[in-house]
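Hello,

Here is the structure I said I would pass on. Please open it first, then read my notes below with it on the screen.

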There are 2 protein chains.
Amino acid sequence: MKNYTITVQYDGTRYKGWQVQKSTDQTIQGKLQNVLQTLAGHPVEVIGSGRTDAGVHARGQVANFHLDEHFSMDEIFQWLNRYLPEDIAVIAIEEVDERFHARYHAVEKTYQYRIHTGIVPNVFERRELYDYKQPLDIEKMKKAAELLCGTHDYTSFCGNRKFKKSAVRTVYRIDVEKKGDEIRLTYSGDGFLQNMIRILTGTLIEVGNGSRELEEMTEILEAKDRARAGYTAPPQGLTLLHVTYEKDW
Amino acid sequence: MKNYTITVQYDGTRYKGWQVQKSTDQTIQGKLQNVLQTLAGHPVEVIGSGRTDAGVHARGQVANFHLDEHFSMDEIFQWLNRYLPEDIAVIAIEEVDERFHARYHAVEKTYQYRIHTGIVPNVFERRELYDYKQPLDIEKMKKAAELLCGTHDYTSFCGNRKFKKSAVRTVYRIDVEKKGDEIRLTYSGDGFLQNMIRILTGTLIEVGNGSRELEEMTEILEAKDRARAGYTAPPQGLTLLHVTYEKDW
């Protein structure tokens, strides 16, 4: 068996998220596994760097899987792009050490959240935007974003109330930039809890629209209480941009 | 009454084209007229610079309409963007001379046709691309494109076999450029016949894939016979980029 890593892009609009579910075959992992199974003749497990929620997109999701040696890398690559649905594409493939694991060995993830603040809709990119339609105070959002970075227990920003493990994560950067009619929030961290980026985004939007004060950021973190943070921004504005691994893999 | 001109963007995927039809309300003109009627309280005719086919997109379609003086331009603009479907947007509005007519006074139109030639799908822009999936000889296409420019009777490139008026048009330029996995054909002319750009594109693709010789281009034009030209490339690759008017309007 050989171990392959692939870089995957998807328009998440039609999907119930990354992870295979019993109740639906509309998942990204499920589609990848099905197409690889038709190639291999037996089930193939595809391991993603992490789950993405229903409706969330990816430009650089990373996954790995093991496959019989007699398939060439080019064969696998072409097979995947020929039989995957048109809203999922494999943009790169590489052979890696047999011990490489896309989830365990990821050291940093970068996500982008795009908020459309103008009144004129963006017709061609609307599926990748949260159509907020109102102006936001970007300077306040920048200051709040800074307060939310660092190494913290992010329980207040976790959408899974039954989450039992450590909620300590390190958020390296949250860049806030205005681009035309949009505000783009780019998050880098060593990992993110369920819904964490969408709740961080909802909270930053509440700062930007004046319904929350900057000072609350530290209190929210300290409270370790989901109810203290802002709303969960909708999934369609969120895209997983890339996953970083240590160089020796 | 005041005369307004609007610049309209649309993702044509869900529509039966620009022009109002009795059998369906899924047309761009129809959607615009409906939204203006709810504002004005009576039917409003929206005059486009020209029709676009079912499935064709626009980034700069131009249209005009007359409306009672008591609406402010800002009111009209906001009303349109609030009530139009999310795949149609009005990006600009201007008051013009009462005699201005979006079709009669258009002097130049620019369209772009995007052909995806790579095997890796473009997941996020797939609705604006013709997914051709095979390489094309761009140098040959450039030469053929040159032969198809100029002032000619374009009957061979007209999809409407019952067309009775003059089929003489001037095509100023056809730019052929490679951009990543795509070949982009940009057409400028004083006007285009029904399906003309899609048939020109189909013919250029046949030159690019080696099934037609460069020399045929002049013969096709001279034949004035639709059967001599290439196939009609699918609508989803085509976008109306902009419409030019003389400066004094």
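**The annotated domain in chain A**

Residues 8–104 of chain A are 25% helix and 26% strand, with 18 Å between the C-alpha atoms at the two ends. I looked at that span, and at residues 144–246 of chain A, because an unreviewed UniProt entry lists both under "domain: Pseudouridine synthase I TruA alpha/beta". In residues 144–246 of chain A, helix makes up 25% and strand 31%, and the end C-alpha atoms are 30 Å apart. Please keep in mind that the model is predicted.

**The annotated active site**

Which residue does the UniProt annotation "active site" cover? In the unreviewed entry it is Asp53(A). Asp53(A) sits in the loop between strand 2 (47–48) and strand 3 (57–67) of chain A. Its relative accessibility is 22%, so Asp53(A) counts as partly exposed; the cut-off for buried is under 20%. Leaving aside residues up to four places away in sequence, Asp53(A) touches Gly17(A), Asn195(A) and Arg198(A).

**Where the two chains meet**

On the contact between the chains, 23 residues of chain B touch 23 residues of chain A. Together the two chains bury about 2,100 Å², and 65% of that is on carbon and sulfur atoms. Three residues, Val123(B), Phe124(B) and Arg126(B), supply 33% of the area that chain B buries against chain A, which is more than any other three residues supply.

There are six salt bridges between chain B and chain A. One of the pairs across the chains is Asp11(A) with Arg126(B), where the closest N and O atoms are 3.2 Å apart. Four residue pairs are in polar contact across the interface, both residues being at pLDDT 80 or more.

On the side of chain B that touches chain A, the elements giving two or more residues are strand 1 (2–10), strand 3 (57–67), helix 2 and strand 4 of chain B. Strand 4 of chain B gives the largest share, four residues. Sorted by class, this side of chain B has twelve nonpolar, four polar and seven charged residues.

**Salt bridges**

Side chains of opposite charge can pair when their charged atoms come close. Over all chains, the structure holds 36 salt bridges.

Arg126(A) forms one with Glu86(B), with 3.4 Å between the closest N and O atoms. Why does this pair join two chains? Arg126(A) lies in the loop between strand 5 (106–116) and strand 6 (130–131) of chain A, while Glu86(B) lies in the loop between helix 2 (73–83) and strand 4 (88–96) of chain B, so the bridge runs from one chain to the other. Arg126(A) is buried, at 14% relative accessible area, whereas Glu86(B) is exposed, at 54%.

Other salt bridges stay within one chain. In chain A, Glu206(A) and Arg212(A) meet at 2.6 Å, N to O. Are these two residues buried or exposed? Both Glu206(A) and Arg212(A) are buried. In chain B, Glu219(B) and Arg228(B) meet at 3.5 Å, N to O. Glu219(B) is partly exposed, with a relative accessible area of 39%, and Arg228(B) is partly exposed too, at 33%. There is also a network in chain A, in which salt bridges that share partners join Arg59(A), Arg114(A), Glu125(A), Glu128(A), Glu182(A) and Arg184(A).

Regards

Technical notes: Residues numbered from 1 in each chain as written. Chains lettered and ligands numbered in written order. Predicted model: local features only at pLDDT ≥ 70, side-chain atom pairs only at ≥ 80, totals over all residues. Heavy atoms only, no water. Salt bridge = Lys/Arg side-chain N within 4 Å of Asp/Glu carboxyl O. Buried < 20%, exposed > 50% of the residue type's maximum accessible area, 1.4 Å probe, protein only. Contact = heavy atoms within 4.5 Å. Buried area = accessible area lost by both parts, 1.4 Å probe. Polar contact = N/O pair within 3.5 Å; in protein donor to acceptor, adjacent residues only side chain to side chain. Nonpolar A, V, L, I, M, F, W, Y, C, P; charged D, E, K, R; others polar.
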